[in-house]
Amino acid sequence: MTDRPSTRIASRKQPKQARSNDLVESILQAAVQVLAREGMRRFTTTRVAERAGVSVGSVYQYFPNKAAILFRLQSDEWRETTEMLRGILQDARNPPLQRLRLLVQAFIRSECDEAELRVALDDAAPFYRDAPEAREVRAAGEQIVEVFMREVLPDASDAIRAVAGDLIKVTLSSVGKQFSESPRTPAQIETYAEAMADMFCAYLRGLGHA
């Protein structure tokens, strides 16, 4: 049994009791395992249910189709990234460029730690990448970066800050993805993250002096 792609990616309902929360968590953990083991092409609600040890009907109580499961996994990842952005970039105890350095280090580590899942979710992107829910989840992270760029480049124009923020986001995402596609040692991750942070910091210092 396989699922047909559907534009409905929202969960059917939200769990309200501890038992229901445990069931949803089991389903999501099983989904991660199925993705890692079977890949996107063989990912179905039936395999997820079997892996979780529950009926398909139990899965459908919360997720109308496999796209909804995949979107939940992806949106959880987006939210974790957003919280990481917020926690690091809004921490006024550190100077702005030090915060950026800490963010690059944390992001590259997370990309390498979650590389297998991320690759599978990238394959599933057509199910959700243009959905309104997806845009809403990403908007919070974009706002955090925008506020940070106003702090780190207070005298720059809005246009310059927008370009700088976008360049850093795109570069960090695309280069981090490429770097994490091969197994990396902790030393390699640290060296690479430091070099990327040096590049970003030098770029922002140059804009600040312009």
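These notes cover the nonpolar cores and the salt bridges of a predicted model.

1. The largest nonpolar core holds 31 residues. Leu100, Val104, Ile108, Met149 and Leu204 have the most contacts inside this core. Two or more residues come from each of α4 (66-89), α5 (96-113), α7 (132-152), α8 (158-180) and α9 (186-209). The largest share, eight residues, is that of α5.

2. Leu204 is a useful residue to look at in this core. With neighbours within four places in sequence set aside, Leu204 is in contact with Leu97, Leu100, Met149, Val152, Leu153, Ala164 and Ile168.

3. A second core, separate from the one above, has 21 residues. Leu23, Tyr62, Phe63 and Leu73 are among them.

4. The salt bridges number 10. One of them joins Arg42 to Glu38, with 2.8 Å between the closest N and O atoms. Both partners are partly exposed: the relative accessible area is 42% for Arg42 and 28% for Glu38.

5. In helix α4, Arg86 and Glu83 lie three residues apart, which means that about one helical turn separates them. They form a salt bridge whose closest N and O atoms are 2.6 Å apart. Arg86 is partly exposed, at 30% relative accessible area. Elsewhere, Arg72, Asp76 and Arg79 are joined into one network by salt bridges that share partners.

6. Within that network, Arg72 pairs with Asp76, the closest N and O atoms being 3.1 Å apart. These two residues are four apart in helix α4, so about one helical turn lies between them. Arg72 is partly exposed at 22% relative accessibility, and Asp76 is partly exposed at 24%.

Terms used:
Residues are numbered from 1 along each chain as its sequence is written. This is a predicted model: local features need pLDDT of at least 70, side-chain atom pairs count only at pLDDT 80 or more; totals for chains, interfaces and linings use all residues. Side-chain values use heavy atoms; hydrogens and water are left out. A nonpolar core is a set of buried Ala, Val, Leu, Ile, Met, Phe, Trp, Tyr and Cys residues joined through side-chain atoms within 4.5 Å. Buried means under 20% relative accessible area, exposed over 50%, partly exposed in between (1.4 Å probe, protein chains only). Contact means heavy atoms within 4.5 Å. A salt bridge is a side-chain nitrogen of Lys or Arg within 4 Å of a carboxyl oxygen of Asp or Glu.
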